[in-house]
Amino acid sequence: MLHSSDANEPEKTVEKVSGVSENSSDKRFWNRFAFLYGPFMAKNKRAYDALGAHLRPIIEPDMHVLELACGTGQMTERLATACKSWIATDFSEKMVARLKKRELPGVTACEVADASDLFYAPDSFGCVLIANALHIMPSPDAALREIHRVLEPNGLLIAPTFVYDDTVDAASFRIIESLGFKTHNAWTSDEFCAYVQKRGFKVASAKILPGNPASECALVAVAQ
């Protein structure tokens, strides 16, 4: 096992409030796309099942987990029952509203939160999950700083991310790009690991898994 959190519930601080410090046009895109997101991602069920099976043993039963960029719950539904508490967040209000309606088991709360400006107190979580999001953020540095802040010492960052080690599904990218989607960081797996490693984390593992529209780097790192 890599890390366990203590038994205390996560705390919030009122010193910060969640805002839209990420690109506001990106937020408008995800709000518009929320009603299609679940059906669009359903074609990736096999890949999500494989990713969930790989990550679930890493999450310990006594952990308090914060999920960022949860979408409509593609990872939430596979992992939320593995831990003590699970807070699922997204900066799209409409994504969060759709996730709430699903009433998934194991979910402690569904909240609107901006990964680059979190309102949680320092050292609140034993694990932060952010799946398939860092590469589409205009400023992932800000998100990683916030993740590091809210993680306990030696807490886990789990950040499965699409990478560009091989061919990608160009047709899928064209469809979502036509709707306004943007990829801001086209990392290879080596580039992605080096990027995270330089920002206060020690990469523990980075397994490459098949994915759509690109391969997935299932990065797990420890906050230093």
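Helices (H or I, at least four residues) and strands (E, at least two) are DSSP runs, numbered from the N terminus. The model is predicted: local features need pLDDT of at least 70, side-chain atom pairs count only at pLDDT 80 or more, and totals for chains, interfaces and linings use all residues. Residue numbers start at 1 along each chain as its sequence is written, and side-chain values use heavy atoms, with hydrogens and water left out.

**Exercise 1. Fold inventory**

Task: State how many helices and strands the protein chain has, and give their order.

Solution.
- Count the elements: seven helices and seven strands.
- Read from the N terminus: α-α-β-α-β-α-β-β-α-β-α-α-β-β.

**Exercise 2. Burial, contacts and surface**

Task: Find what share of the residues is buried, what share of the contacts is long in sequence separation, and what the accessible surface comes to.

Solution.
- Set the classes: buried is under 20% relative accessible area, exposed is over 50%, and partly exposed is in between (1.4 Å probe, protein chains only).
- Apply them: 54% of the 224 residues count as buried.
- Take contacts (heavy atoms within 4.5 Å) with a separation of 6 or more: 71% of them join residues 24 or more positions apart.
- Compute areas by the Shrake-Rupley method with a 1.4 Å probe; for residues, only the protein chains shown count as cover.
- The chain's accessible surface is about 9900 Å², and carbon and sulfur atoms hold 54% of that.

**Exercise 3. A salt-bridge network**

Task: Trace which residues are joined into one network by salt bridges that share partners.

Solution.
- Fix the criterion: a side-chain nitrogen of Lys or Arg within 4 Å of a carboxyl oxygen of Asp or Glu.
- The structure holds five such bridges.
- One of them pairs Asp49 with Arg78 at 2.9 Å, N to O. Asp49 sits in helix 2 (residues 45-55) and Arg78 in helix 3 (residues 76-79), so this pair ties together parts 29 residues apart in sequence.
- Check accessibility: Asp49 is partly exposed at 33%, while Arg78 is buried at 17%.
- Glu77 also bridges to Arg78, with the closest N and O atoms 3.1 Å apart. Glu77 is partly exposed at 38%.
- Glu77 forms a further bridge with Arg102, at 2.8 Å between the closest N and O atoms. That pair links helix 3 to helix 4 (residues 93-102), 25 residues apart.
- Arg102 is partly exposed at 35%.
- Result: shared partners join Asp49, Glu77, Arg78 and Arg102 into one network.

**Exercise 4. Locating Asp166**

Task: Is Asp166 buried or partly exposed, and where is it found?

Solution.
- Asp166 is in the loop between strand 5 (151-163) and helix 6 (170-178).
- Its relative accessibility is 44%, so Asp166 counts as partly exposed.
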